[in-house]
Amino acid sequence: MSQQNSGQAIPAANTLKLKVGGRFGAIDPNAIAKAEAALKSLSGNFAQWLQDEVVKLETARARVRAEGVNSETMEQLYLRAHDLKGLGSTYEFPLITRIAASLCRLIDDKDKRLSAPITLIDAHIDAIKASVRDSIKTDEHPVGRASILELERKVAEAGA
């Protein structure tokens, strides 16, 4: 004898489509245009905002030098680098995003952060500062390309 399964399948609602812009929840192109226009109107402030972030990074480095390498000083340094990783491209410096991402890779692991080579950390921060100072925005610039490739190579050698 065979026993027949009697059950009812209840399909789950597909709400993902609504969340990412499906048929009824499409992203309004006018809203995107307004957001882009608002961002463009703020672009005159980008240089100052970027400089402010670099000062925060430099302040974090100065704390490491003054107070020594410890979990608190290195956490602050990591947070400043992480901020720049997110903001570099927004402020029209994708090279800074890439340099800061490399620095984050170097000091991301809290267990290894305290033994990260300070000279390599300094090289990243100095490269960020030089990028801003000399307006080197992308890795298409020969100095930018050489700098980021060398930094990334050194981070890989350091095992990060």
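**Figure 1. Helix 3 packed against helix 7 in the predicted model.** The two axes approach within 11 Å and cross at roughly 160°. Because angles over 145 degrees count as roughly antiparallel, helix 3 is roughly antiparallel to helix 7. The crossing of this pair is left-handed. On the side of helix 3, the contact is made by Leu50, Gln51, Val54, Leu57, Glu58, Arg61, Val64 and Arg65. Helix 7 contributes Ile118, Asp122, Ile125, Asp126, Ile128, Lys129 and Val132.

**Figure 2. Helix 7 and its surroundings.** Helix 7 covers residues 118-133, which is 16 residues. From its first C-alpha to its last, helix 7 reaches 22 Å, close to the 22 Å expected at 1.5 Å a residue. Its buried residues are Leu120, Ile121, Asp122, His124, Ile125, Ala127, Ile128, Ala130, Ser131 and Val132. The cover over these buried residues includes helix 3 (46-67), helix 4 (71-87), helix 5 (94-107) and helix 8 (142-157). Just after helix 7, Ser135 adopts a positive phi of about 55°.

**Figure 3. Val132 in helix 7.** Val132 has a relative accessible area of 18% and is therefore buried, the cut-off being under 20%. Not counting residues up to four places away in sequence, Val132 touches Leu50, Gln51, Val54, Phe93 and Ile96. One of these partners, Ile96, is 36 residues from Val132 in sequence. In space, the C-alpha atoms of Val132 and Ile96 are 8.3 Å apart.

**Figure 4. The largest nonpolar core.** This core has 32 residues, of which Leu77, Leu106, Ile107, Ile121 and Ile128 touch the most other members. Helix 3, helix 4, helix 5, helix 7 and helix 8 are the elements that give two or more residues to the core. The largest share, eight residues, comes from helix 5. Leaving aside neighbours within four places in sequence, Ile128 is in contact with Val54, Leu57, Leu84, Ile96, Ile99 and Ala100.

**Figure 5. Helix 4 packed against helix 5.** The axes of helix 4 and helix 5 come within 7 Å and cross at roughly 150°. The two helices are therefore roughly antiparallel to each other, and their crossing is left-handed. From helix 4, the residues at the contact are Met74, Leu77, Tyr78, Ala81, His82, Leu84, Lys85 and Leu87. They meet Ile96, Thr97, Ala100, Ala101, Leu103, Cys104 and Ile107 in helix 5.

**Figure 6. Cys104 in helix 5.** Cys104 is buried, with a relative accessible area of 4%. Beyond residues up to four places away in sequence, Cys104 touches Tyr78, Ala81, His82 and Lys85. Cys104 and His82 are 22 residues apart in sequence, while their C-alpha atoms are 6.3 Å apart in space. Tyr78, Ala81, His82 and Lys85 are also among the helix 4 residues that meet helix 5.

**Figure 7. Arg80 in helix 4.** Arg80 has a relative accessibility of 18% and so counts as buried. With neighbours within four places in sequence left aside, Arg80 is in contact with Lys56, Leu57 and Ala60. One of these partners, Leu57, is also in contact with Ile128.

Methods
Residues are numbered from 1 along each chain as its sequence is written. This is a predicted model: local features need pLDDT of at least 70, side-chain atom pairs count only at pLDDT 80 or more; totals for chains, interfaces and linings use all residues. Side-chain values use heavy atoms; hydrogens and water are left out. The expected span of a helix is 1.5 Å times one less than its number of residues. Buried means under 20% relative accessible area, exposed over 50%, partly exposed in between (1.4 Å probe, protein chains only). Contact means heavy atoms within 4.5 Å. A nonpolar core is a set of buried Ala, Val, Leu, Ile, Met, Phe, Trp, Tyr and Cys residues joined through side-chain atoms within 4.5 Å. Axes are lines fitted to C-alpha atoms, for helices over the stretch in contact, and angles run from 0 to 180 degrees between N-to-C directions. Angles under 35 degrees count as roughly parallel, over 145 as roughly antiparallel, 65 to 115 as roughly perpendicular and the rest as oblique. A crossing is left-handed if the near helix is turned anticlockwise from the far one by less than a right angle, and right-handed if clockwise.
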